[in-house]
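Visitor: I am new to this structure. Please walk me through it, step by step.

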Amino acid sequence: MKNHSSVGKEVIKLALPLIIIAGPTAVGKSDVAAELAKRINGEIISADSMQIYKLMDIGTNKPPKDMMAAVKHHFIDIKYPDEEYSVALYRQDAAKVIGEVYNKSKLPIMVGGTGLYINSVINNLDFSVGPDYKFRKHLDEIVDKKDLTFLYNVLLNIDPITADKIDKNDKKRIVRALEVYHTTGHPISVYKEKSGNVPNDKYNLFYFVLNMSRDKLYKRIEKRVDVMIQNGLIKEVKMLLSLGYDEHLNSMQAIGYKEIISYLKGRTSLEESIQSIKKNTRHYAKRQLTWFKKDKRIEWINIDNLDKDEIVKNIIEKLAGICK
């Protein structure tokens, strides 16, 4: 006869279901996710590194207020444009919120196109190298005396793998990569290689990426940019500058903002800036798709010939009984 004295002493850890709706910019993730959340009693965990900023609404294409009133959204408007936020903090905060959503008997639905934010949650990334504020200040002084291109070229020499994946204007990531090298003597790419491909077994993933033909996607991008301009993007950027937010802040390097700043500073014409926004957004969408193609856990959904209801129905059918 078996001894059952230990029954109940062992805690079986069950992986929490985590639904992810990702894809390139302008593909329609937010609308699909909000409709899905309504139907399966879910809450949205935003994975967009620019929608975290308050006062930056039009250029980041935040969900409309009625959508956020109908479905709870997390990680939108949590920081002012000059406040620091990192992938490491997002990973920590998102894990907490996902647990809270699940404890309310709701389903967390992570939505966005910032692949690094998503990966920080679903993979065991190594964030053990803490910030070195003294060294960051030193790098800021170098940028003031020279320029950001100088720092980028330094990174290119010591860690070409990382430099190749970073935009030359992305000061935050350039500084972080140099900081890790300064602190450890090893490129940040070494740490990402070691930790970036190890799944976080805390979650049972239902990972979907929406995609469409490139021509259709690019047309949607161009239309979205035109709508942003019509809805007051120029006025929004003027307001941010008038409040004292410096154009060199990481937040102000977002696509849409940096190009309009260039126009307002007299460096480009309005038409040139608009065309730059469209071009840079197309390039960003292409980088997003390249990023997602690396993850074999993803189930791709081509939405060329599907409306929103059909996409949501398709996803629900694939959720393997986790929603009632």
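Guide: One term before we start: two residues are in contact when heavy atoms of theirs lie within 4.5 Å. Also keep in mind that this is a predicted model.

Visitor: With that term in hand, which residues is L306 in contact with, leaving aside its neighbours within four places in sequence?
Guide: L306 lies in the loop between β6 and α14. Neighbours within four places in sequence are set aside. The contacts of L306 are then I301, I311 and N314.

Visitor: Is L306 buried, partly exposed or exposed?
Guide: Buried would need under 20% relative accessible area, and exposed would need over 50%. L306 has 32% relative accessibility, so it counts as partly exposed.

Visitor: How many residues line the second largest pocket?
Guide: That pocket has a volume of about 160 Å³. V27, R220, I303, L306 and I311 lie nearest its centre. α1, α10 and α14 each supply at least two residues of the lining. The full number of lining residues is 13.

Visitor: How confident is the predictor overall, as a mean pLDDT?
Guide: pLDDT runs from 0 to 100. Of the residues, 93% reach 70 or more. The mean for the protein is 91.

Visitor: Over residues 1–12, how many contacts are there beyond near neighbours in sequence?
Guide: The pLDDT is below 50 over this stretch. Beyond near neighbours in sequence, the number of contacts in the model is zero.

Visitor: What span should helix α3 have, and how far apart are its end C-alpha atoms?
Guide: α3 covers residues 87–103, which makes 17 residues. The rule is 1.5 Å times one less than the number of residues. That gives an expected span of 24 Å, and the distance between the end C-alpha atoms agrees, at 24 Å.

Visitor: What covers the buried residues of α3?
Guide: The buried residues are V87, Y90, A94, V97, I98, G99 and V101. Strands and a helix are on the list of what covers them. It includes β1, β2, β3, β4, α4 and β5.

Visitor: Which residue with a positive phi follows α3?
Guide: The helix takes in residues 87–103. The phi in question is near 65°. The residue is S105.

Visitor: What do the buried residues of α4 pack against?
Guide: α4 is mostly covered, with seven of its eight residues buried. Those are G115, Y117, I118, N119, S120, V121 and I122. They pack against β1, α3, β4, β5 and α13.

Visitor: Now salt bridges. How far apart in sequence are the parts that D77 and K62 tie together?
Guide: The two side chains meet at 2.3 Å, N to O. D77 lies in the loop between β3 and α3, and K62 in the loop between β2 and α2. The pair therefore ties together parts that are 15 residues apart.

Visitor: Of that pair, is K62 buried or exposed?
Guide: D77 is partly exposed, at 32% relative accessibility. The relative accessible area of K62 is 11%. The cut-off for buried is under 20%, so K62 is buried.

Visitor: Which helix holds K278, the partner of D226?
Guide: The closest N and O atoms of K278 and D226 are 3.0 Å apart. D226 lies in helix α10, so the pair ties together parts that are 52 residues apart in sequence. K278 is buried at 7%, while D226 is partly exposed at 31%. The helix that holds K278 is α13.

Visitor: How far apart along the chain are K216 and D304?
Guide: They form a salt bridge, with the closest N and O atoms 4.0 Å apart. K216 is in helix α10, and D304 is in the loop between β6 and α14. The separation along the chain is 88 residues.

Visitor: Last stop: which residues does L264 touch, not counting residues up to four places away in sequence?
Guide: L264 has its place in helix α12. At 28% relative accessibility, L264 counts as partly exposed. It touches I234, V237, K238 and L241.

Terms used. Residues numbered from 1 in each chain as written. Predicted model: local features only at pLDDT ≥ 70, side-chain atom pairs only at ≥ 80, totals over all residues. Heavy atoms only, no water. Helix = DSSP H or I, 4+ residues; strand = E, 2+ residues; numbered from the N terminus. Buried < 20%, exposed > 50% of the residue type's maximum accessible area, 1.4 Å probe, protein only. 1 Å grid on protein atoms, 1.4 Å probe; cavity = no way out; pocket = protein on both sides within 12 Å on 5 of 7 lines; lining within 4 Å. Points joined across faces, edges and corners; volume = space filled by probe spheres on them.
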